[in-house]
Amino acid sequence: MNIVLCDSAAQATRLSATLIYREVAARPLVVLGLATGGTMDPLYQELVSLHRACPIRWSDMRCFNLDEYVGLAVDHPMSYGYFMRHKVFDPLGVREVQAHLLRGDAPDPQEECRRYEDAIAAAGGIDLQLLGIGENGHIGFNEPGSSLDSRTRIVHLNPDTLTANRRFFPPGVCQPESAITLGIQTILDCRQIVMLAIGEKKASAVAAMAEGPLSAMCPASALQMHPATTVVLDTSAAQRLRLKDRYRRAGPADLHSA
Ligand code: F6R
C-alpha cells in the first residue's frame, strides 16, 4: 500500500483526479472502476476541469460503477447511476454503452450480481479502481463483517452507513437499506487501486486500514494484500496514522508533482 500524504483536501483531490486523467490519457482503452459519494464529487469536478483544460479521448474507455442502492433505477435522482451520468459521463462525453451500471431495480438482484461479474470478466477485468472509504472502514458497500473473498452481492447496510448517507436523501425520499456492491475479492482483482480519503471523520478507518490487522471488521484492511494500491490522504484523514512521518518522507515525488 502506497500512502501519499497531501497538505490539503484540495491537493489530495487534485492528485487523485490527475491519476485517473493520466491513466485515461496514456491508455484510452482502459477499464475503470468508479466510486460515488461525497468525496468523489469534487474529484470528478476536478477530472472534468482537467479534461476541459486539455481534452483527452474518453470514447474508448469502459467503466463499471462500484455499487448501487437496491430498488433505485438508474434514472432515480438518488441513484449512483444518476450521479455518474450527470456529474461524470455527460460532461466527459462518455456514452451509455461504455458505462456499466448496476441496476438497483433489477427484477432478479442475484442474477444482476452474476451479470455484473460476467461483464467485468468479459471486459478483461478492471484496470484501475477508484475507492472512497466509509467511517466504519467499508469499501464499496462491503460493511464490517464482509468476507474478504466476497464477490458482487447484495448487502444490508449498517445503521452507521445509513446515518452517514442520509444527507444525500431529501426529506420524504425513502433511503434504501440494502445495496449491490462489488465484493472485496472483486475489488482485490482490480489491477490498480486509487483510494481518496478526506477529513477527520475518516482518520480512524484509514489507520485501521493501513496499520491495523487484516480483519473482516475493517474491510478496507484487505487492501493490505493488494499489490498496487495508492491511498491519497489529506492531513486530517492521516492524523491517526502512527507512521505518518515515514509516509511523508517516502512519498513518491512524481505523484506529488501531478
Ligand atoms: C460509494 C462507495 C462508498 C463511499 C464511502 C465514503 O460508491 O462505494 O464506499 O466511498 O461510503 O463516502 P463519502 O465519500 O460520501 O464519505
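## Pocket, sheet and cores in a predicted model

Helices α2 and α5 (159-165) each contribute at least two residues to the lining of the largest pocket. The model is a predicted one, and this pocket is a good place to start looking around. Its volume is about 580 Å³. In total 29 residues line the largest pocket, and those nearest its centre are I133, G134, N165, R167 and K202. With four residues, α5 gives the largest share of that lining.

There is enclosed space as well. How many cavities of 30 Å³ or more are there? The count is one, and the largest cavity has a volume of about 40 Å³. Its lining is made up of L32, L34, Y44, L47, W58, M61, V88, F89, L92 and V94. Strand β2, helix α2 and helix α3 (80-92) are the elements that give two or more residues to this lining. Among the elements, α3 gives the most, with three residues.

Here are the two spaces side by side.

| Space | Volume | Element giving the most to the lining |
|---|---|---|
| Largest pocket | about 580 Å³ | α5, four residues |
| Largest cavity | about 40 Å³ | α3, three residues |

Now for the sheet. Seven strands form an open sheet in the order β1-β10-β9-β6-β2-β3-β5, and the pairing is parallel. At the edges stand β1 (2-5) and β5 (99-100); each has a single partner strand, so one side of each is left without a neighbour in the sheet. Further in, strand β2 (residues 31-34) runs parallel to strand β6 (residues 128-131), and two bridges join them. Within this pair, L32 of the cavity lining stands opposite L128 in β6. Helix α2 (residues 40-53) packs on the sheet, where it touches β2, β6 and β9 (192-197), and its direction makes about 130° with that of β6.

What about the nonpolar interior? The largest nonpolar core has 74 residues, and L32, Y44, L233 and L241 are those with the most contacts inside it. Helix α1 (residues 9-26) supplies the largest share of this core, seven residues. Which residues does Y44 touch, leaving aside neighbours within four places in sequence? They are L34, A35, F83, M84, K87, V88 and L130. A second core, separate from the largest one, has 10 residues, including L72, Y80, L157 and L162. As background, nonpolar side chains tend to be buried together in soluble globular proteins.

Two individual residues deserve a closer look. N65 is found in strand β3 (residues 62-65). Is N65 buried or exposed? N65 counts as buried because its relative accessible area is 2%, against a cut-off of under 20%. Not counting residues up to four places away in sequence, N65 touches L34, T36, Y80, G81, M84, F89, H100, L101, L102, Y116 and L182.

C6, for its part, is in the loop between β1 and α1. C6 is also buried, with a relative accessible area of 1%. C6 and L233 are 227 residues apart in sequence, yet their C-alpha atoms are 5.9 Å apart in space.

Finally, take a look at helix α7 (residues 203-211), in which A203, A205, V206, A207, M209 and A210 are buried. These buried residues of α7 pack against β1, β9, β10 (229-233) and α8 (235-238).

Terms used. Residues are numbered from 1 along each chain as its sequence is written. This is a predicted model: local features need pLDDT of at least 70, side-chain atom pairs count only at pLDDT 80 or more; totals for chains, interfaces and linings use all residues. Side-chain values use heavy atoms; hydrogens and water are left out. Two strands pair if DSSP finds at least two bridges between them. Contact means heavy atoms within 4.5 Å. Axes are lines fitted to C-alpha atoms, for helices over the stretch in contact, and angles run from 0 to 180 degrees between N-to-C directions. A nonpolar core is a set of buried Ala, Val, Leu, Ile, Met, Phe, Trp, Tyr and Cys residues joined through side-chain atoms within 4.5 Å. Buried means under 20% relative accessible area, exposed over 50%, partly exposed in between (1.4 Å probe, protein chains only). On a 1 Å grid over the protein atoms alone, a cavity is a set of points where a 1.4 Å probe fits but cannot get out, and a pocket is an open set with protein on both sides within 12 Å along at least five of seven lines; lining residues have an atom within 4 Å of a point. Grid points are joined across faces, edges and corners, and a volume is the space filled by probe spheres set on the points.
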